[in-house]
Each structure stands twice: as structure tokens, then as C-alpha cells.
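Welcome, and please open your viewer. We will take a short walk with a few stops, selecting residues as we go.

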Amino acid sequence: MTNQHQFLTASVIAGSLLIAGCQDKSAPADTAATSTAASSIAAAPTPADPALFISQPLVTDIYTADPSARVFNGKIYIYPSHDIETGVTTDGEGDKFDMKDYRVLSYDPATGATTDHGEALNLKDVPWASRQLWAPDAAEKDGKFFLYFPAKNKGGIFQMGVATSDSPTGPFKAEPEPIKGSFSIDPTVFKDDDGAHYMVFGGIWGGQLQRWASGSYVAEDKYPASNEPALSPKIAKLSDDMLQFSEPPKDIQILDGAGVPLLGTDTNRRFFEGAWVHKFNGKYYLSYSTGDTHFIAYAIADNLYGPYTHKGIVLTPVFGWTNHHSIVQHNDKWYLFYHDSQLSGGQTHLRNVKVTELTHNDDGTINTIDTYLD
Ligand code: FUB
């Protein structure tokens with residue numbers, strides 16, 4: 001790790017405790033300190049030196065984040081969040097991440113070219129949603145395409161919506177109501193070998209998962225005690241028409257190597273947000289962000305519903321606060337799509353998507369990726 005890298009990492013992570021985690025994600029906060037740090041950073045955005053990073057932003061004319069990559073008809077499509085500066089300065093609840101639309105990108109690994117296919121869905125066309133179009137994902141069934149996305153409903157509670165199109169690039173038409181029984185954020189839709197689709201979802205802090213511990217929404221943050229298991233990501237099978245859950249969401253358990261559930265205090269390993277599932281050599285891989293410790297961790301299971309056993313780190317902390325990724329196979333290679341805040345000089349809510357190759361070892365473990373050059 002170079003001195004410059006150490007400085008960038010240390011300043012972003014130190015800043016994270018003040019800027020994003022507390023201000024944007026409604027963690028326990030020193031709000032006076034957060035306001036000072038946020039305004040000084042917002043006043044002087046300077047792009048980070050491109051020579052520091054293993055990969056460069058795929059698009060540079062807009063801010064993009066949370067890249068969910070999918071292969072449809074042999075081509076890689078990316079379904080990202082579309083970050084914007086909205087001038088929102090209020091603390092808590094992730095208010096600064098006030099995105100208004102989705103754009104679809106496609107990426108050609110042979111040439112490195114990325115195409116922006118334009119707006120695919122706008123908040124104003126989602127009848128039930130009020131704000132914050134966060135990390136989406138997409139799926140295909142019988143030639144029809146489905147965009148899954150979280151947004152706050154009119155009551156300020158995150159739920160999941162679905163929108164449909166005949167094309168992977170949209171435009172997508174939103175269903176009039178959110179998915180029944182859905183809550184929290186960061187839906188990802190995994191298609192198993194038998195063709196069935198499952199949504200895995202959830203996120204703590206600003207993602208509100210901690211408010212659903214009783215099974216229904218309580219407007220009070222309830223985190224596990226220090227000796228209790230961490231909050232779990234959820235899984236639900238989708239209905240045949242892909243528009244609803246066909247079962248109540250269930251917890252996905254994540255265990256340590258000794259078979260003990262990860263504790264909520266185990267912040268280097270516990271689930272925070274941004275789940276993704278891929279299958280490799282017959283095993284299920286659940287990868288996710290550890291949020292305030294900024295890793296993409298992964299865990300492996302024999303069954304989709306778990307329990308999963310934590311194995312290690314896919315991606316070390318990136319430049320910026322949030323770490324969010326997807327893993328996809330195209331032809332004989334695997335790719336990691338991720339984001340950092342290179343273009344905005346580290347601003348938490350203004351990110352850019354990137355890609356790099358990912359490799360599995362013969363024993364099934366994943367080679368950890370560090371996105372800074374040595
Ligand atoms: O983009 C908004 C939120 O930030 C996502 O939903 C989280 O995963 C984090 O990346």
C-alpha cells in the first residue's frame with residue numbers, strides 16, 4: 001500500500017465515520033461533527049488521481065453506483081443507481097442519496113466500451129414511491145425484463161418495486177403498488193438452475209432492516225445486543241409472473257467457521273447491505289457489504305437458503321464510504337462490478353461504477369481484490 005493510498009483510505013474511512021455512516025445512514029452520530037466535515041468536503045470536490053486505481057470509471061458524464069450486472073442474450077447490462085447532487089443536507093436516513101431515476105448501461109469486455117442507454121425509469125412514474133431510488137437489479141423471464149428497485153413509499157418506509165419492459169434497456173413500466181410484504185433495500189434477484197427466481201434483500205441503518213425485527217415496521221431502531229446474532233439478509237421466492245413474493249421472506253443465516261452465527265458486533269464480517277448471490281461449482285456464494293467497515297465479504301453454502309459460512313473478503317475498502325458490487329460470469333471469465341468515489345473526489349453520495357476481473361481458486365475461495373494500485 002502506497003503512502004498516498006494509505007492517506008486516501010485513512011481520510012475516507014475517518015471521514016466515513018463522520019460523513020456517511022452517521023449523517024447519511026442514521027447511525028448513532030455526533031451530528032455537530034458531521035455537519036462540519038460534510039460541508040468542508042462538499043466545498044472542495046477534487047477528483048482522485050486516476051493513477052491510484054486498478055480500474056477507471058465506466059462512464060464519466062454522470063455519477064453511477066451500486067452496479068448490478070446481468071448477462072442477457074449474451075451481453076452484459078449494468079443496472080446502477082444514478083447518483084445526483086440534490087442539495088439535500090439533512091442528517092440521517094440516507095437523505096443525501098436522493099436519486100430520481102435509473103439509467104441502464106451495457107459493457108463490452110472485449111473492447112472495454114460502455115454504452116449508456118438513457119433513462120429507463122423515473123421516480124415520477126412510480127405511483128407508490130416518494131423518494132430515494134436506491135440500488136436496483138434486473139431479471140429476465142420468457143423474453144420479458146424486470147427491474148427491481150427500492151424506494152421510500154409515501155410514508156417514508158422503504159419497500160421494493162418492480163417495473164417491466166420488453167427490452168433489457170427499458171423503458172420500464174412500474175407496477176402501481178410495491179411488492180406485497182417487501183421492505184428494506186437492495187434487492188438482488190438470483191435465478192437458480194431450475195429457472196426459479198429468488199429475491200435476496202435488506203440493509204441496516206438507513207436501509208431500515210433493524211425496524212422489522214418484530215415482523216412489522218416499528219419506527220424505532222432495534223439492533224441486536226452484543227451477544228446476539230447480527231441482523232440477517234432476507235430471501236423470498238418470486239411468483240411465476242415475477243411480480244410478487246410467493247412466500248414470506250426468510251432469514252439467511254451467516255455462520256463463522258465454527259458454525260456459530262456472526263454477531264451484530266462483528267462489524268468486519270456481519271451483513272450490512274448490498275447482498276449478491278452467484279453460483280460456482282455447485283455452491284452458492286452470498287457476498288455483501290459490511291457497511292461501516294467497508295468490505296465486500298463472502299460466505300458459501302450448499303443450499304440457496306443457507307446457512308452460509310463466512311469465507312473471506314472479495315473487495316477491500318474502496319475510495320468513498322459505501323462499497324457495493326455484483327459478480328457475473330461472461331463467457332469463461334468472472335467480473336466484479338463495483339463503485340468508488342474517484343470522480344467526485346471522495347464524496348459519499350457521488351459515485352462511479354467500475355469493473356475488474358474476479359478469480360476463484362481451485363478450493364472455491366475468491367482471490368481478494370484491492371482496487372488501489374500498489
Ligand atoms: O445507493 C444508495 C445506497 O448506498 C445503496 O442502496 C446501498 O447499497 C449503498 O451503496
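## Stop one: the ligand

Select Asp66 together with the ligand: a polar atom in the Asp66 side chain lies 2.5 Å from an oxygen atom of the ligand. Bear in mind as you look around that this is a predicted model.

How much of the ligand's area does the protein bury? Taken alone, the ligand exposes 270 Å², and the protein buries 100% of that.

Next, add Asp186 to the selection. An N or O atom in the Asp186 side chain is 2.5 Å from a ligand oxygen. Then add His324, where a polar side-chain atom lies 2.7 Å from an oxygen atom of the ligand.

Now show the whole shell. The ligand is surrounded by 13 residues, and the closest are Asp66, Met99, Asp186, His324 and Arg351. If you colour the shell by residue type, you should find 4 nonpolar, 4 polar and 5 charged residues.

## Stop two: aromatic rings

Hide the ligand and turn to the rings of Phe, Tyr and Trp. Ring centres within 6.5 Å of each other make a pair, and by this rule the count comes to 24 aromatic pairs.

For one of them, select Phe190 and Tyr284. Their rings meet edge-to-face, 5.9 Å centre to centre, with 75° between the planes. What does this pair tie together? Phe190 lies in strand β10 (residues 188-191) and Tyr284 in strand β16 (residues 283-289), so the pair joins parts that are 94 residues apart in sequence.

Are these two residues buried or exposed? The cut-off for buried is under 20% relative accessible area. Phe190, at 6% relative accessibility, is therefore buried, and Tyr284, at 8%, is buried too.

For a group of rings, select Phe183, Phe201, Trp212, Tyr217 and Phe245. Ring pairs link these residues into a cluster.

## Stop three: a charge over a ring

Select Lys354 and Phe53 and show their side chains. The charged end of Lys354 sits over the Phe53 ring, 4.1 Å from the ring's centre.

## Last stop: a loop

Finally, select Pro168. You will find Pro168 in the loop between β8 (158-165) and β9 (173-174). At 9% relative accessibility, Pro168 counts as buried.

Keep Pro168 selected and add Ile78. How far apart are Pro168 and Ile78 in space? From C-alpha to C-alpha the distance is 9.7 Å, while 90 residues separate Pro168 and Ile78 in sequence.

Note on methods: Residues are numbered from 1 along each chain as its sequence is written. This is a predicted model: local features need pLDDT of at least 70, side-chain atom pairs count only at pLDDT 80 or more; totals for chains, interfaces and linings use all residues. Side-chain values use heavy atoms; hydrogens and water are left out. Rings of Phe, Tyr and Trp (its six-membered ring) pair if their centres lie within 6.5 Å; planes under 30 degrees apart count as stacked, over 60 as edge-to-face and the rest as tilted. Helices (H or I, at least four residues) and strands (E, at least two) are DSSP runs, numbered from the N terminus. Buried means under 20% relative accessible area, exposed over 50%, partly exposed in between (1.4 Å probe, protein chains only). A charge sits over a ring if NZ of Lys or CZ of Arg is within 6 Å of the ring centre and within 35 degrees of the ring normal. A residue is near a molecule or strand if one of its heavy atoms lies within 4 Å of it. A polar contact is a pair of N or O atoms within 3.5 Å; within protein, one must be able to donate a hydrogen and the other to accept it, and residues adjacent in sequence count only if both atoms are side-chain atoms. Accessible areas come from the Shrake-Rupley method with a 1.4 Å probe; for residues, only the protein chains shown count as cover. Ala, Val, Leu, Ile, Met, Phe, Trp, Tyr, Cys and Pro count as nonpolar, Asp, Glu, Lys and Arg as charged, and the others, Gly among them, as polar.
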